[in-house]
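Colleague: Can you walk me through this protein, one question at a time? I'm new to reading structures, so keep it relaxed.

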Amino acid sequence: MRSIKFKKILSAILMAGVLTTTPMATTAYANTPADVTEQEGAQGDTTLPEQEAAQPEEENQGSQDPQDPQDPQDTPDTPEEVIKVGKARLVSVTSVKETLQLKWKAKGNVSGYLIYRKTSDSDYKKIKTIRDKSQVSYVDQKVTPNKTYRYKIICFYRVDGEVYYGSNSNPISGKVKVEVGRVKNLKVKAKKISLKLNWKKSGEVSGFFIYKKSDKGSFKRIAKVEKKSYLDEKIYLNQKYSYKLRPYRKMDGKVFFGEYTKPVSGKAAVKAVKRKITDKNSGVYGKTILTYEYNDGTMVENPEKYLDDQVSYVMYINKSRQMVTAYAKVDQCLVPVKVFICSPGYATPIGTFHLNLKYRWHELMGPCWGQYCSRITTDGIYFHSIFSSQPNSNKTMSVSAYNKLGTICSHGCVRLQAYAAKWIFDHCPIGTEVVIYNGSGYEPFKKPVIGKLPYWHTWDPTDETAAYLCKQHKCH
Ligand SMILES: [Zn+2]
């Protein structure tokens, strides 16, 4: 039963203001734990530990209203004694693995503690009675991640079959930290010119951020995935890549980050094969040629697609065989990437030059007009498309000049199919090295063979700006 008698006495003391004159008046008094409520209307469970002791404990199940210790109807008795109950000081509320861990200290007459908790949308409620005064910590497991809870502790003291309550401890709030699971066993596997990442996870994870870096750069986020694998096809042949992952968890519309993995590295599954050219009749005599092969020995086609965006090119024009080879410069080697058929002229000079001027269209000798003009020498030798008879007209191309590609027939310029002139125009900036030679020796590619055009086909079938004409005529 409740200590009605004592409470009545206390009420009387409180009402009468007697306590202010009592020596013990400045500290805690025996009273009901109803004083834990900071406002009126509290629905806290004030079941007494004495009463609970007789039955199995049920947390948060109490429904009794707090008793009002200040019932003005009570008649004061003579104070027989004032029991001083100890007080708790809440020290910390810490989030540990999605629980909140409370720690406190207490002084004075204490038999145990009542723990009260409040949330932003509810008032203080008793969540736990601890009957062991030496237990000064508690783990609240009934909490939701990313929510904040506020706690207070009241000490109680049991003496002579009566239970007395102390006053509120200081309140402390704690937010339940969202735990994000981990990535395990991150592995990278090369699949030709792509890298496949696989991993496992543990714990709560909504998805993964993927970070990547090349030899030269720093880690950048490249993807966000929910599955446990990722195929990276944006890799270059001549680079090693590192990856790391960071798991995340979404909660209440927010993203919470987990820990980064350690980086793992990989390279494309190709072999870089280098060989020095000892053939004195080759334009690349003395140079080291680098080619890429898959593990099954087949060559990587169009390797320029898998070379660094910053790669630079050098163009070799074999005048005597009317072909142009584009090499990419990688690791002080030459990677053969393209071959074009061309028409130079007897006036085409031999030597090493650098591109120095470009025109999308330009008037040539004739007069006639060429597309995608890149000037090789300062005195007017260009790479350009097969000329047209009308200014800037892709529909008036010279069919006979086109059909003479692969022979020496120009005034000195290096005529090309439109797509080839465009490739050089697009990939070879001003300053690009151009070597013109006569060579019967090693070439990495064969001289291309192209079909002849009928007399009416007055546009270049490789000219993307004239593709609609081939479509109309259903010819290419
Ligand atoms: Zn056509």
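Colleague: Where is the place of Pro 367?

Modeller: Keep in mind that we're looking at a predicted model. The peptide bond running from Gly 366 into Pro 367 is cis, and its omega is near -5°. As for where Pro 367 sits, look at the loop between S23 and S24.

Colleague: How many helices and strands are there in the protein?

Modeller: Contacts give a bit of background here: taking those between residues at least 6 apart in sequence, 65% join residues at least 24 apart. Of the 476 residues, 33% count as buried. The count you're after is five helices and 27 strands.

Colleague: Which strands do the buried residues of H4 pack against?

Modeller: Start with the helix itself, which covers residues 418-427. Its buried residues are Ala 418, Ala 420, Ala 421, Trp 423, Ile 424 and Phe 425. They pack against S19, S21, S23, S24, S25 and S26.

Colleague: Which are the edge strands of the open sheet S1-S2-S5?

Modeller: Three strands make up this open sheet, in the order S1-S2-S5, with antiparallel pairing. An edge strand here pairs on one side only, and that describes S1 (87-96) and S5 (137-140). On average, neighbouring strands of this sheet are turned by 20° against each other, direction ignored. So, going by pairing on one side only, the edge strands are S1 and S5.

Colleague: Which residue in S5 does Gln 101 stand opposite?

Modeller: S2 spans residues 99-107, so Gln 101 belongs to that strand. S2 and S5 pair in the antiparallel sense over four bridges. The residue in S5 opposite Gln 101 is Val 139.

Colleague: How many residues lie between S9 and S10 in their hairpin?

Modeller: S9 (residues 182-190) and S10 (residues 195-202) pair in the antiparallel sense over seven bridges. Within that pairing, Lys 184 stands opposite Lys 200. In the turn, Lys 192 has a positive phi of about 50°. The number of residues between the two strands is four.

Colleague: Is Asp 331 buried or exposed?

Modeller: Asp 331 is in the loop between S20 and S21, and its phi is positive, near 50°. There are 10 other C-beta atoms within 10 Å, and the cut-off is 12 or fewer, so Asp 331 is exposed.

Colleague: And Lys 474, is that buried or exposed?

Modeller: Lys 474 is in the segment after H5, and it has a positive phi of about 50° although it isn't a glycine. Because it has 6 C-beta neighbours inside 10 Å, Lys 474 counts as exposed.

Definitions and conventions
Residues numbered from 1 in each chain as written. Predicted model: local features only at pLDDT ≥ 70, side-chain atom pairs only at ≥ 80, totals over all residues. Buried ≥ 20, exposed ≤ 12 C-beta atoms within 10 Å, placed from the backbone. Contact = placed C-beta atoms within 7 Å. Axes fitted to C-alpha atoms, helices over the stretch in contact; angles between N-to-C directions.
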